[in-house]
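Thanks for making the time this morning. I would like to walk you through one structure, going from a single side chain out to the metal site and the domains, so please have the sequence and the model open in front of you.

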Amino acid sequence: MKMLLVFVFSIFFSIVVAIEQIHLSLGTDETEMIVTWTIPEQQTPLPHQQARVHYGSNNSSGQLQSVKAEVEHFDDDEAEYCTYRALLKELKPNTTYYYWIEQEKRKSNLYHFKSLPSGNKWLPRFAIYGDLGYVNEQSLPYLKKDVEQNMYDVIFHVGDFAYDLPSENGWCGHNFMRSIEPVASRVPYMTCPGNHEEYNNFSHYDSRFTMLGDRTMPMHNSSLNDRINNHFHSMDIGPAHIIMFSTEYYYYTEYGWNQIRTQFEWLEKDLIQANKNRAKHPWIIVMGHRSLYCLKMGDDSCDHQTMERPEIRQGIHMHRRYNFPREYGLENLFYKYGVDIQFYGHEHFYARLAPIYNYTVLSGKRSTNPYDHPQGPIHITTGSAGNLELHPPFNHLKSWVSCHFLDYGYTRLLFENEYHIRLQQVSDDQHGEVLDEIDIIKSAPQPQWMPQKKKIVS
Ligand SMILES: [Fe+2]
């Protein structure tokens, strides 16, 4: 059946036209997937019924489903284009789907993806990185190879795209999105913004990606475009609860102070709920662009004496009222609610920190290995995917930096079992070799520094 379907699809696609920049993102749960694509310089959006995604699985007896896309017309001083978004529904979990796009009388290539398994007992495999540009896209060949070997369930890009999306009248963005299509059309490509997305209030970034902001309370009657929050959103994937958020609200306050408060309140609410669900999803992992603890010299947001970003670690003086206390700091919030691992980019290298809280390095509970039942959150900087800015100078390494590499590369996060994660750092410079590898282990939903829930013995 599989070969027959592929053959039929291949005949159907004998005419291939340029519907481009196709990428996936996660829907509300494993029964949904979102397909997004962009048509450069399109001035007149097509009516909804003229842009559709057709899809079908190997085991659906050849039956095809079809869904119409929503369109967003984008136009500013730099670029004009249309982005189309379609929500694929009623997917069977853990199933390969073939899909293509039909627009006017044009048809795209044939693509495929695998829907996520259902439940919390399966073991996800992630690739995570930040700071991938169109020029010097060092990690892309290795990511393509990994994806061809079905190594990942989800890919996370923690800010700084293309360098920059609006550059060259948007063509830098178009070329970048074209370049990642072999990866992102096959594996969900989840994002949060970095400082390189700042132009025109992050509007180019917003117009190109489709992150759902309401997975915990889906509003199924709302349009897809109304459900997007590309700045902060969360998702349950197997045994993990993943939160992606914006560190950039703390630095681009000209676009509004209230969004710092809004995001912080959402983060706390989401973390409270994640702890209620912790027996099912024991790992809480956050991802943002700029790290709380920093190593990079010459970065205005990094305090080179204390090696922190005080605005996001401790909190910000709202409205620049420096006689008022700092508010909305993230280190205490993430510690209080037991965030296990934090991933960041921005600094163009890889750094693995020892478990740390308030400048105190914390040992492991069970052994000399600090990652064996860690007693504080683990911070990883993975901003070395490759871009035109090359590697920055870095400060002398503080005691809390366990491992640091300048090699281009990206991070793998591989779940070994419910309470055991393997983290690997891949080096492009060394042809895909794993440069760093640790196992992160715990034996209960709550991390060691939180009150442990007693088991009920009947
Ligand atoms: Fe950055």
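Let me begin with Met177, which is buried at a relative accessible area of 2%, where buried means under 20% relative accessible area, exposed means over 50% and partly exposed covers what lies in between, with a 1.4 Å probe and protein chains only. Before going further, I should say that this is a predicted model, in which local features need pLDDT of at least 70 and side-chain atom pairs count only at pLDDT 80 or more, while totals for chains, interfaces and linings use all residues. Residues are numbered from 1 along each chain as its sequence is written, and side-chain values use heavy atoms, with hydrogens and water left out.

Met177 is found in helix α3; helices here are DSSP runs of H or I with at least four residues, strands are runs of E with at least two, and both are numbered from the N terminus. Which residues does Met177 touch, not counting those up to four places away in sequence? They are Gln21, His23, Arg208 and Phe209, with contact meaning heavy atoms within 4.5 Å. Met177 and Thr38 are 139 residues apart in sequence, and their C-alpha atoms are 8.8 Å apart in space.

Helix α3 comes up again when we turn to helix α2, residues 140-148, whose buried residues are Leu140, Tyr142, Leu143, Asp146 and Val147. These residues cover an arc of only 160° around the axis, and therefore sit on the same side of α2, the arc being that of the directions from the helix axis to the C-beta atoms. As background, an α-helix has 3.6 residues a turn, so residues three or four places apart point the same way. The cover over the buried residues of α2 includes β10 (125-129), β12 (154-158), α3 (171-184) and β26 (409-417).

Next, a few backbone details. Most residues other than glycine have a negative phi, and most peptide bonds are trans. Asn150, which follows α2, has a positive phi near 55°. In the loop between β13 (161-162) and α3 we find Asp164, and the peptide bond from Tyr163 to Asp164 is cis, with omega near -5°. Glu168 is found in the loop between β13 and α3, has a positive phi of about 55° although it is not a glycine, and counts as exposed at 57% relative accessibility. Asn201, placed in helix α4, also is not a glycine and has a positive phi of about 55°, but at 36% relative accessibility Asn201 counts as partly exposed.

Now the metal site. Which residues are the protein donors of the iron ion? They are Asp160 through OD, Asn195 through OD1, His289 through NE2 and His346 through ND1, lying 2.0 to 2.2 Å from the ion. Donors are N, O and S atoms within 2.8 Å of the metal (3.2 Å for Na, K and Ca), and water is not among the atoms, so sites may look incomplete. In sequence the donor residues are spaced D-x34-N-x93-H-x56-H. Asn195 lies in the loop between β14 (189-192) and α4 (199-208), and His289 in the loop between β17 (283-287) and α6 (310-313), so this pair ties together parts that are 94 residues apart in sequence. Both count as buried, Asn195 at 18% relative accessibility and His289 with a relative accessible area of 0%.

In the loop between β17 and α6 lies Ser301, which is buried, with a relative accessible area of 7%. The Ser301 side chain makes a polar contact with the side chain of Arg290 at 3.2 Å and another with the side chain of Asp299 at 2.7 Å. A polar contact is a pair of N or O atoms within 3.5 Å; within protein, one must be able to donate a hydrogen and the other to accept it, and residues adjacent in sequence count only if both atoms are side-chain atoms. Leaving aside neighbours within four places in sequence, the contacts of Ser301 include Tyr251, Glu308 and the iron donor His346.

Finally, the overall layout. The chain is divided into domain 1 (1-118) and domain 2 (121-441), with bounds that come from an automatic or database domain assignment. The centres of the two domains, taken over C-alpha atoms, are separated by 27 Å, and 37 residues of domain 1 are in contact with 40 residues of domain 2.
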